[in-house]
Amino acid sequence: MSVLFLVISALVLIYFSIGGKTAAIVMSVATLVGVANDGWHILSFLIGGVLLALALLITLPGDLRLDKFSRPLLGWVRSRLPKLSPTEQEALNSGSVDWDGELFSGKPEWNKLLDAAPAHLTSEEQAFLDGPVEELCKMLDDWQITHEHYDLPDKVWKFIRDKGFFGLVIPKEDGGLGFSNTAHSEIVMKISTRSVSAAVTVMVPNSLGPGELLMHYGTDDQKQHYLPRLAKGKEIPCFALTSPVAGSDAGAIPDKGIVCKGEWDGKEVLGLKVTWNKRYITLAPVATLIGLAIKVYDPDKLLGGNDDIGVTCVLVPRDTDGVNAGARHLPMNTVFMNGPTWGTEVFIPMEQVIGGQDMLGKGWKMLLECLSIGRSISLPALGTGAGKLASLATGSYAYTREQFGRTISQFEGVQEALEPIAGYTYMMDAARLLTAGMLDRGVRPSVPSAVLKYRNTDLMREVINHAMDVVAGRGVITGPRNFLARAYQAVPIGITVEGANILTRSLMIFGQGAIRCHPFIVEEIEAAGMEDEDKAAKQFDGIFYRHLAHTTRNALRAFVLGLSKGWLETAPRQGDIQKYYRQLGRFSAAFALMTDVTLLTVGGGLKARQRLSGRMADCLVQLYYATAVIKQWHEEGYPDDQRDLVEWCLQTCLHDLQDSMRDAIINFPVPALRWPLRLLVFPLGATGLNGPDDKLGAKVAATIVNDTPVRQRISRGTFINMDPDDPLGRVLNAYNLANETAEMRQRLHEAIRTRDEDELDGIALLMGHQRKELVDWACAQGIIKADECPKMEEALTALYDVIRVDAFDADGLKALAKGAKGKRKVVERPSKD
């Protein structure tokens, strides 16, 4: 018992993060008590001595501990810490840490999440959404854009320019609208529910376009000249990073600029002779101002420094001699302007370097910080928009489509597909808003931006695939009636661009986050890299023992919370979801422990252990999205009609988190650590978090089928069009009529089902287009009242129209192939009227 008492005393001190001096006093008292107790075994003195020694080690005089322990430890730690290239070091130093740091800490402070200023819109921003954005969406015909014009119509381009869509985030004093990041996200999301091509056209100049770089790094002259022109659409920008060989790896960019003298505006000036070959560049075919990421060299030492200056961002006017652009790529039947640009030894003056000559070689850091903004907004907004469109359209279609005398939304197989459409859309929206709120608070979330880009585009794929399963044949036939085709075709674009998801998941999220968000690793790496050994040892000495206590605490927390199934963790009482807080706290501790063990054992080899890195990234993703759902529910005041959605999201995240953590442990690259890690993280086995059951799943599926406020909440921000001739409006109009006539149609179905064949007089054999005959019979039989007949016929006409698809004759298809308007007709036999 004495041994157990000493061990428990030490564990309690570590678990509650008791300071070193206090711990030393407590362990001294405990050991002395043991000495006074004749019944104690010799093992008590040994264990007490070891634990006391560890406590005293932390409180030793600085010089003694530094010389005897810290210096030797620093040499060993240097061999274990990951080696960072200059590019990786810049990535590490860019951006900032916010809620992601709490998840890596192992003990999240929930009040920091709940009390943080949320994403919100000003009245001016909301008016812009209700006005110009709504008007723009009404102007967009996605079929014409993608199959007839292969471009936005001229009037749309003019509207976008005139209304300031290219200057959403440019400050008002520079001619822009000065909107928040939340407004930028909402605008892009709403437009994307109408046309992906238009949404991409708007989002690029506001995210990675040169405008963002100029706002943060441009010289005063550059800002005064370019920002007003960009804001008013007098300049169309693009930014070219991707090279055919290097992809988006700035460290491998072959494009270069050589420092030299040349002629500009009739004068000889110092500048760069730039050679580049870029592809996949959005807006390049129409851009008047081309931003480039290049590597700058100074072989003649005109600047007096090193030959290799580094990655630099420059601006090249399109009309400069030697600039080539204008050819187009066609990205998966979306027709936003995208194409290659190239040039050979094109001279530009130093004034065309973004930020001027002083910013030579600092381009990678500039790009990383701006990428964290763009990646947090653009593609996550597109993914969420696709989810909202799929929820609204597919839920409506499932209610209006009938088989065997009832709506297909009542079939469990269909509900199984509707369930993740609703749940994942709510999840994407919550994560989008959490991150937009960070941006509006001035955070540059480098890790959350990667998490959000990867997960929202991946969930977009999941949601659209499920929607296509429900809509089935109605969704696979191309034509003006199809409301899902363009979203389906756009999925690979989101997955691929701005850092392909495989790369983002397996290298960036955990690889960057494990270092960037860790409370101690960054300072340890800095200490290990110092040339001054005394200074390095002192900095290391001030960090390492706190890191050791941090790791031990998280190991204990993971084990104790695993044994208690989280019940020993404290949790906020708001929302009555304490059990989820407790599980998230438990897995945060386990995640922090796994992070430390990975860095300690794998270290610099992490880049080669991409399966491990990917699984750990999945753990972080689930932690982030679960907490985003909690934050969003909190901000909306915990409405009870959203509880089913919230619980579905939390149960799904925890189930997937448990599976990812388990897979990471049983495949851990150091086999000897697999069993100890399983014992610490899953002392009772990896069970108990089974995900949503069928009953909850059915309720969540119903949230996008039933006409309730929660359905409106899920689809909030979607462009709504009730025109029966519009692809989405056709479905929504039928949905409304189906709800209005539900009781009438139920009477009709019941009559057909219960009457004898002689009484039906062939009515059951009527074709779908013979609606009038059916309604006339129902009226004659008294099944439907006379004043109900017109509404009933209108509803049946709309329900039939929803399932019709487009067909083209041979000449029409040939015309489409030439980019002209094709003649089309519907497959089914037309109605008699």
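Helices and strands here are DSSP runs, at least four residues for a helix and at least two for a strand, numbered from the N terminus. By that count, the protein has 34 helices and 11 strands. The model is predicted.

**Stop 1: the whole chain**

Show everything. Of the 833 residues, 57% count as buried. Look at the contacts with a sequence separation of 6 or more: 76% of them join residues 24 or more positions apart.

**Stop 2: the nonpolar cores**

Select Leu418, Met427, Ile464, Phe591, Tyr625 and Met661. These have the most contacts inside the largest nonpolar core, which has 133 residues. Now add helix α24, residues 610-635. This helix gives the core its largest share, 14 residues. A second, separate core holds 91 residues, including Leu214, Ile290, Ala293 and Val323.

Stay with Met427. Which residues does Met427 touch, leaving out those up to four places away in sequence? Select Leu459, Tyr625, Val629, Trp648, Cys649 and Cys653.

**Stop 3: helix α16 and its partners**

Select residues 412-440 for α16 and 694-702 for α27. The two axes come within 7 Å and cross at roughly 70 degrees. That angle makes α16 roughly perpendicular to α27, because 65 to 115 degrees counts as such. The crossing of α16 and α27 is left-handed.

Zoom in on the contact. From α16 come Gln415, Leu418, Glu419, Ala422 and Gly423. From α27 come Gly697, Ala698, Val700 and Ala701. The residues of this contact divide into five nonpolar, three polar and one charged.

Keep α16 on screen and add helix α25, residues 643-666. Here the axes are 9 Å apart, and the packing angle is about 90 degrees. So α16 is roughly perpendicular to α25. On the α16 side, pick Glu419, Pro420, Ala422, Gly423, Tyr424, Tyr426 and Met427. On the α25 side, pick Leu645, Val646, Trp648, Cys649, Thr652 and Cys653. By class, this contact has 10 nonpolar, two polar and one charged residues.

Compare the two lists on screen. Glu419, Ala422 and Gly423 of α16 appear in the contact with α27 and in the contact with α25.

**Stop 4: α22 against α26**

Select α22, residues 533-563. Add helix α26, residues 674-681. Their axes come within 6 Å and cross at roughly 65 degrees. Ala555, Ala558 and Phe559 of α22 meet Leu679, Leu680 and Val681 of α26. How many nonpolar, polar and charged residues does the contact of α22 with α26 have? It has six nonpolar, no polar and no charged.

**Stop 5: two positive phi angles**

Most residues other than glycine have a negative phi. Two exceptions follow.

Go to Lys565, in the loop between α22 and α23 (578-601). Its phi is near 55 degrees. With a relative accessible area of 44%, Lys565 is partly exposed.

Next, Tyr150. Look in the loop between α9 (142-149) and α10 (154-162). Phi of Tyr150 is also near 55 degrees, a positive value in a residue other than glycine. Is Tyr150 buried or partly exposed? Tyr150 counts as partly exposed, because its relative accessibility is 27% and the buried class lies under 20%.

**Stop 6: Arg486**

Select Arg486 in helix α19, residues 485-496. This arginine is buried, with a relative accessible area of 7%. Show its contacts beyond four places in sequence: Asp142, Trp143, Thr146, His147, Asn333 and Gly479. Draw a line from Arg486 to Asn333. The pair is 153 residues apart in sequence, yet 7.3 Å apart C-alpha to C-alpha.

**Stop 7: helix α12**

Select residues 196-206. Helix α12 is mostly covered, with 11 of its 11 residues buried. Among them are Ser197, Thr201, Pro205 and Asn206. Others on the buried list include Val196, Val200, Met203 and Val204.

**Stop 8: Gln222**

Finish in helix α14, residues 220-231, at Gln222. At 4% relative accessibility, Gln222 counts as buried. Which residues does Gln222 touch, not counting those up to four places away in sequence? Select Leu214 and Leu227, then Glu351, Gln352, Val353, Ile354, Gly355 and Gly356. Leu214 was also named at the second core.

Key. Residues are numbered from 1 along each chain as its sequence is written. This is a predicted model: local features need pLDDT of at least 70, side-chain atom pairs count only at pLDDT 80 or more; totals for chains, interfaces and linings use all residues. Side-chain values use heavy atoms; hydrogens and water are left out. Buried means under 20% relative accessible area, exposed over 50%, partly exposed in between (1.4 Å probe, protein chains only). Contact means heavy atoms within 4.5 Å. Axes are lines fitted to C-alpha atoms, for helices over the stretch in contact, and angles run from 0 to 180 degrees between N-to-C directions. Angles under 35 degrees count as roughly parallel, over 145 as roughly antiparallel, 65 to 115 as roughly perpendicular and the rest as oblique. A crossing is left-handed if the near helix is turned anticlockwise from the far one by less than a right angle, and right-handed if clockwise. Ala, Val, Leu, Ile, Met, Phe, Trp, Tyr, Cys and Pro count as nonpolar, Asp, Glu, Lys and Arg as charged, and the others, Gly among them, as polar. A nonpolar core is a set of buried Ala, Val, Leu, Ile, Met, Phe, Trp, Tyr and Cys residues joined through side-chain atoms within 4.5 Å.
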